[in-house]
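This report walks through one protein model. Keep the sequence and the structure open while you read.

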Amino acid sequence: MFRLWAKVFKENRMLKDMVVCNDSKDLRRTQKIFLAIDEICRAYDLSKPIWLHVTIEDFKKHDKTRFTKDNFIEPIDFDYLEIHVIEED
């Protein structure tokens, strides 16, 4: 099972969170991550974030990263969206 935890923060407080699960054995890890982000963006009515070099490197090292206003084309009403892989098969 693949699980990704998404959290929205504003002023150091978590406003909302969700966990996206994917049981598919046919998909690669990257595909599961992008599908999870799509689901999160639909649930929170957000545009898809842009993966900047810093975001990619942080995610590679820690399986966790933050998307700030610099990662979004449209304005956001929070400080950052954090994603974290909490389980992988």
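The text below goes through a helix, a pocket, the aromatic rings and a few single residues.

The model is predicted.

**Helix H1**

Helix H1 covers residues 29-44. H1 is built from 16 residues, and its first and last C-alpha atoms are 23 Å apart, close to the 22 Å expected at 1.5 Å a residue. Which residues of H1 are buried? They are Lys32, Ile33, Ala36, Ile37, Asp38, Ile40, Cys41 and Tyr44. A general point about helices helps in reading this list. An α-helix has 3.6 residues a turn, so residues three or four places apart point the same way. The buried residues of H1 are covered by parts that include strand S1 (2-10), strand S2 (13-22), H2, S3 and strand S4 (80-87).

After H1 comes Asp45, which has a positive phi near 55°. Asp45 has this value although it is not a glycine. The residue sits in the loop between H1 and H2. Asp45 counts as exposed because its relative accessibility is 70%, and the cut-off for exposed is over 50%.

**The largest pocket**

Rolling a probe the size of a water molecule over the atoms shows where empty space is left. The volume of the largest pocket is about 160 Å³. Its lining consists of Arg29, Thr30, Ile33, Phe34, Trp51, Ile56, Phe59 and Lys60. Which element gives the largest share of this lining? H1 does, with 4 residues. H1 and H2 each supply at least two residues of the lining. Ile33 is one of the lining residues, and Ile33 is also among the buried residues of H1.

**Aromatic rings**

The model holds 5 aromatic pairs. One of them joins Trp51 and Phe67 in an edge-to-face arrangement, with 5.1 Å from centre to centre and 90° between the planes. Trp51 lies in the loop between helix H1 and helix H2 (53-62), while Phe67 lies in strand S3 (residues 64-67), so this pair ties together parts that are 16 residues apart in sequence. The two partners differ in how they are classed: Trp51 is partly exposed, with a relative accessible area of 22%, whereas Phe67 is buried, at 0%.

Phe72 and Phe78 also form an edge-to-face pair, with 6.1 Å from centre to centre and 85° between the planes. Phe72 is buried at 6% relative accessibility, and Phe78 is buried at 8%. Both count as buried because the cut-off is under 20%.

Ring pairs also link Phe34, Trp51, Phe59 and Phe67 into a cluster. The lining of the largest pocket includes Phe34, Trp51 and Phe59. Another ring, that of Trp5, has Lys7 over its face, at 3.9 Å from the ring centre.

**Single residues**

The table gives the relative accessibility of four partly exposed residues.

| Residue | Place | Relative accessibility |
|---|---|---|
| Asp58 | helix H2 | 31% |
| Asp63 | loop between H2 and S3 | 25% |
| Cys21 | strand S2 | 44% |
| Ile86 | strand S4 | 34% |

Asp63 has a positive phi of about 55° although it is not a glycine. Asp63 is also one of the residues that Asp58 touches. Which others does Asp58 touch, not counting residues up to four places away in sequence? They are Lys64, Thr65 and Arg66.

Cys21 and Met1 are 20 residues apart in sequence, and their C-alpha atoms are 7.0 Å apart in space. Leaving aside neighbours within four places in sequence, Cys21 is in contact with Met1, Phe2 and Arg3.

How far apart in space are Ile86 and Met1, C-alpha to C-alpha? The distance is 10 Å, although the two residues are 85 residues apart in sequence. With neighbours within four places in sequence left aside, the contacts of Ile86 are Arg3, Trp5 and Val19. Arg3 is also among the contacts of Cys21. Trp5, in turn, is the residue whose ring face has Lys7 over it.

Methods:
Residues numbered from 1 in each chain as written. Predicted model: local features only at pLDDT ≥ 70, side-chain atom pairs only at ≥ 80, totals over all residues. Heavy atoms only, no water. Phe/Tyr/Trp six-rings, centres within 6.5 Å; stacked < 30°, edge-to-face > 60°. Buried < 20%, exposed > 50% of the residue type's maximum accessible area, 1.4 Å probe, protein only. Lys NZ or Arg CZ within 6 Å of the ring centre and 35° of its normal. Expected span 1.5 Å × (residues − 1). Contact = heavy atoms within 4.5 Å. 1 Å grid on protein atoms, 1.4 Å probe; cavity = no way out; pocket = protein on both sides within 12 Å on 5 of 7 lines; lining within 4 Å. Points joined across faces, edges and corners; volume = space filled by probe spheres on them.
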